[in-house]
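Here are my notes on the structure you sent. They are written as numbered points, to be read with the model open beside them.

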Amino acid sequence: MNHAPCAGRRRWLLLLAGSAGAAALAGCGPGVGGSGTGLEPPPALTAALPTPSLHADGIDGRHVQAVLEGSRLRVTRACPLLQFSGRWNGLPGSPLHFEGELDGNPARPARAEVQVSGSTLVVTLRDGTGTVLLGPLALGSVMTLPPLQSCG
């Protein structure tokens with residue numbers, strides 16, 4: 001009785017299963033040369049701005065603020081309070097589009113359109129129906145973000 005062909009087949013199947021598992025895991029999470037997020041920062045931004053980059057309105061920086069970190073954008077308006085959080089949609093061009101939500105609520109989809117002018121971001125926020133909620137508004141680069149204005 002010769003069992004050599006069966007042992008060879010089992011070894012081949014184990015090798016095939018191990019290779020498939022390794023290939024499936026290779027695309028998951030951070031690794032050499034990548035962030036693990038699937039999207040790198042928009043080229044127009046990496047060329048012009050540091051990351052993270054802080055931006056605020058020209059009055060006193062307390063009315064509207066934005067934080068751009070990699071492919072993520074957060075915009076906050078003080079009064080009435082409005083918060084946008086989103087990710088770059090991966091498409092180059094101008095304006096850049098960030099898809100996200102308002103006030104941390106996935107049921108309130110929104111989009112930010114961002115144009116880069118030197119170290120200034122020109123931001124327009126739209127709700128899920130396309131209605132403009134903010135902007136276009138120029139937000140200059142700042143070293144730190146002051147506390148937001150209170151709505152008293």
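**Notes on the model**

1. Glutamate 113 is a buried residue, with a relative accessible area of 16%. The cut-off for buried is under 20%, so 16% falls within that class. Glutamate 113 has a salt-bridge partner in arginine 126, and their closest N and O atoms are 2.9 Å apart. Glutamate 113 belongs to strand S6 and arginine 126 to strand S7; with their positions 13 residues apart, the pair links distant parts of the chain. Arginine 126 has a relative accessibility of 25% and counts as partly exposed.

2. Before going further, note that this is a predicted model. The average pLDDT of the protein is 79, and 69% of the residues score at least 70. Which residues have a pLDDT under 50? Residues 8-35 do, throughout that stretch. For residues 8-35 the model has five contacts beyond four places in sequence. Please keep these scores in view when you look at that stretch.

3. The secondary structure consists of two helices and eight strands. Going along the sequence, the order is α-α-β-β-β-β-β-β-β-β. In other words, the two helices come before the eight strands.

4. The protein has 152 residues, and 25% of them count as buried. The exposed surface is about 9,200 Å², of which carbon and sulfur atoms supply 60%. Among contacts with a separation of 6 or more, 37% join residues that are 24 or more positions apart.

5. Which residues of the largest nonpolar core touch the most other members? They are Leu73, Val75, Phe84, Phe98, Val123 and Leu125, in a core of 19 residues. At least two core residues come from each of these strands: S2 (64-69), S3 (72-77), S4 (82-88), S5 (96-102), S6 (105-117), S7 (120-127) and S8 (132-142).

6. Valine 75 is a useful residue to select in the viewer. Leaving aside residues up to four places away in sequence, valine 75 touches Val64, Gln65, Ala66, Leu82, Gln83, Phe84, Val123, Leu125 and Leu134. Three of the names in that list, Phe84, Val123 and Leu125, also appear with Val75 among the core residues that touch the most other members.

7. Is histidine 55 buried or exposed? Histidine 55 is buried, at 0% relative accessibility. Histidine 55 is part of strand S1, which covers residues 53-56. The side chain of histidine 55 reaches the backbone oxygen of leucine 139, at a distance of 3.4 Å.

8. How many salt bridges does the structure hold? There are three. One of them was described in the opening point, between glutamate 113 and arginine 126. Another joins the side chains of arginine 111 and glutamate 99, at 2.5 Å from N to O. This pair ties together parts that are 12 residues apart in sequence, because arginine 111 lies in strand S6 and glutamate 99 in strand S5. Arginine 111 is partly exposed, with a relative accessible area of 30%, and glutamate 99 is also partly exposed, at 35% relative accessibility.

9. Aspartate 103 deserves its own point. Aspartate 103 sits in the loop between S5 and S6. Although aspartate 103 is not a glycine, its phi is positive, about 55 degrees. The side chain of aspartate 103 forms a salt bridge with that of arginine 108, at 2.6 Å from N to O. Aspartate 103 has a relative accessible area of 33% and is partly exposed. Arginine 108 is partly exposed too, at 35% relative accessibility.

10. Two peptide bonds should be checked by eye. Where is proline 80? Proline 80 is in the loop between S3 and S4. The peptide bond from cysteine 79 to proline 80 is cis, with omega near -15 degrees. Proline 95 is in the loop between S4 and S5. The peptide bond from serine 94 to proline 95 is likewise cis, with omega near 0 degrees.

Notes
Residues are numbered from 1 along each chain as its sequence is written. This is a predicted model: local features need pLDDT of at least 70, side-chain atom pairs count only at pLDDT 80 or more; totals for chains, interfaces and linings use all residues. Side-chain values use heavy atoms; hydrogens and water are left out. Helices (H or I, at least four residues) and strands (E, at least two) are DSSP runs, numbered from the N terminus. Buried means under 20% relative accessible area, exposed over 50%, partly exposed in between (1.4 Å probe, protein chains only). Contact means heavy atoms within 4.5 Å. Accessible areas come from the Shrake-Rupley method with a 1.4 Å probe; for residues, only the protein chains shown count as cover. A nonpolar core is a set of buried Ala, Val, Leu, Ile, Met, Phe, Trp, Tyr and Cys residues joined through side-chain atoms within 4.5 Å. A polar contact is a pair of N or O atoms within 3.5 Å; within protein, one must be able to donate a hydrogen and the other to accept it, and residues adjacent in sequence count only if both atoms are side-chain atoms. pLDDT is the predictor's confidence in each residue, from 0 to 100. A salt bridge is a side-chain nitrogen of Lys or Arg within 4 Å of a carboxyl oxygen of Asp or Glu.
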